[in-house]
Amino acid sequence: MESSDLKKIAESLMNKNKGLLAMDESTGTCNKRFEALGIPQTEEYRRKYRELIVTTPRLEECISGAILFDENIDQSIEDGTLMIDVLKKKGIIPGIKVDEGAIPLDRFPGEKITEGLDGLGKRLADYYNKGARFAKWRAVITIGEGIPTLTAIKTNAYNLARYAVLCQQAGLVPIVEPEVLMEGNHSLQQCSEVTHQVLHAVFNALFEQHVDFEGMILKPNMILPGLESPVQDSLEAVADATVLCFLRCVPAAVPGIAFLSGGQSEQLASERLNAMHTRFKDKMPWELTFSFSRAIQQPALEAWKGDDKNVAIAQKLLYHRAWCNSKARRGEYTP
Ligand code: 13P
């Protein structure tokens, strides 16, 4: 694969009016969200829900790429069309989550390492043949008493870099996702320091593995105070801390940064993205957009409740959140 092809895909994903839709919840995560709403936790209900998402009218106006999970890359909508073909027909680039989840990092209590490198080259080739053009790998970093350790940061950074180089080799744009979790009572400043350290380690590892920065996308957390922190900072403080951290850590050759939402409310996630654009207009060397799962899907999931008669309203809500975020990524969002 020519590096110019990867660059073209990355640039299409970073379309100025659009962002990414993460619909790559693992079976366990999807079932947990279904359980909370009394939706049956079966493959058929997960299929129905994903059908609702991919057939949402006008989704392509706001969404450039959708991240699928292994279970749904082979699934079809009711009329027999593969979901991946429904996306392609709309001009939405299909992507695929390829990590195999995070497990405890032995000898480092409270920390995790993401698995999935074994046999990855072969899996990536299969996903490419099925039509995927980008991939995602998520590493998680927890802030707490004495953590994160340098070992956890470096080990996760190394795995992200190995994944990224294998993706580029297979013709897939890697979305590199190091997520510093919101859980905890840490301050905005602590999140900023940890994210800074993590991004330095990740870009150092990417550089060492000869990853082509122009053919990748970074999917980070915003810089936020912990969910249980007594101080919840203003939109402006979050926007400034986040963009300044990236200006210091993310090379200008990277085409774009697409945030995860991480458990923020839908509205706050949009407002914060919007504030970054209003405060740093024309001052960022990369595109800055969204790659949300919960902050796009949650209202739709709650409205659907597993009932066919709620599909139309759920799709309206899904489109609405995607539209709000496409506004926010241009600094034009008002709640
Ligand atoms: P959230 O937006 O719900 O954090 O999900 C994004 C994602 O892809 C997590 O890996």
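**Notebook: the ligand shell, strand β6 and helix α8**

I began with the ligand and sorted the residues of the shell around it: four are nonpolar, three polar and three charged. I kept in mind that this is a predicted model. Next I wrote down who these neighbours are. The residues around the ligand are Ala22, Arg138, Glu177, Leu260, Ser261, Gly262, Phe292, Ser293, Arg294 and Ala295.

**Entry on β6**

Arg138 also turns up in β6, so I went there next, and I asked which way its side points.

I found that Arg138 points one way from β6 together with Phe134, Lys136 and Val140. Ala135, Trp137, Ala139 and Ile141 point the other way. This fits a rule from my course: in a regular strand the side chains alternate between the two faces of the sheet.

How many residues of β6 are buried? I counted eight of its eight, and I noted the strand as mostly covered.

Then I looked for the strands beside β6. Strand β3 (residues 93-97) runs parallel to β6, and three bridges join them. Here I saw Ile96 standing opposite Ala135 of β6. With β7, the pairing of β6 is also in the parallel sense, over eight bridges. In this pair Ala139 stands opposite Pro178 of β7. I followed the chain from β6 through α7 to β7 and noted a right-handed β-α-β crossover.

**Entry on α8**

My next stop was helix α8, residues 188-208. I checked its span with a little arithmetic. At 1.5 Å a residue, the 21 residues should span 30 Å, and the end C-alpha atoms are indeed 30 Å apart, so the two values agree.

Which residues of α8 are buried? I listed Leu188, Cys191, Ser192, Val194, Thr195, Val198, Leu199, Ala201, Val202, Phe203, Ala205 and Leu206. A general point helped me read this list: an α-helix has 3.6 residues a turn, so residues three or four places apart point the same way.

I also looked up what covers these buried residues of α8, and the cover includes β6 (134-141), α7 (150-170), β7 (173-180) and α9 (235-249). My β6 from the earlier entry is thus back again, as part of that cover.

**Entry on Gln189 and His210**

Gln189 sits in α8. Why did I note Gln189 as partly exposed? Gln189 has 13 other C-beta atoms within 10 Å, and a residue needs 20 or more to be buried, while 12 or fewer would make it exposed. The C-alpha atoms of Gln189 and Leu224 are separated by 8.4 Å, although the two are 35 residues apart along the chain.

Last, I looked just after α8, where His210 takes a positive phi of about 65°.

Conventions
Residues are numbered from 1 along each chain as its sequence is written. This is a predicted model: local features need pLDDT of at least 70, side-chain atom pairs count only at pLDDT 80 or more; totals for chains, interfaces and linings use all residues. Helices (H or I, at least four residues) and strands (E, at least two) are DSSP runs, numbered from the N terminus. The expected span of a helix is 1.5 Å times one less than its number of residues. Two residues are in contact if their C-beta atoms, placed from the backbone, lie within 7 Å. A residue is near a molecule or strand if its C-beta atom, placed from the backbone, lies within 6 Å of it. Ala, Val, Leu, Ile, Met, Phe, Trp, Tyr, Cys and Pro count as nonpolar, Asp, Glu, Lys and Arg as charged, and the others, Gly among them, as polar. Two strands pair if DSSP finds at least two bridges between them. A crossover is right-handed if, with the strands pointing away from the viewer, the path from the first strand over the helix to the second runs clockwise.
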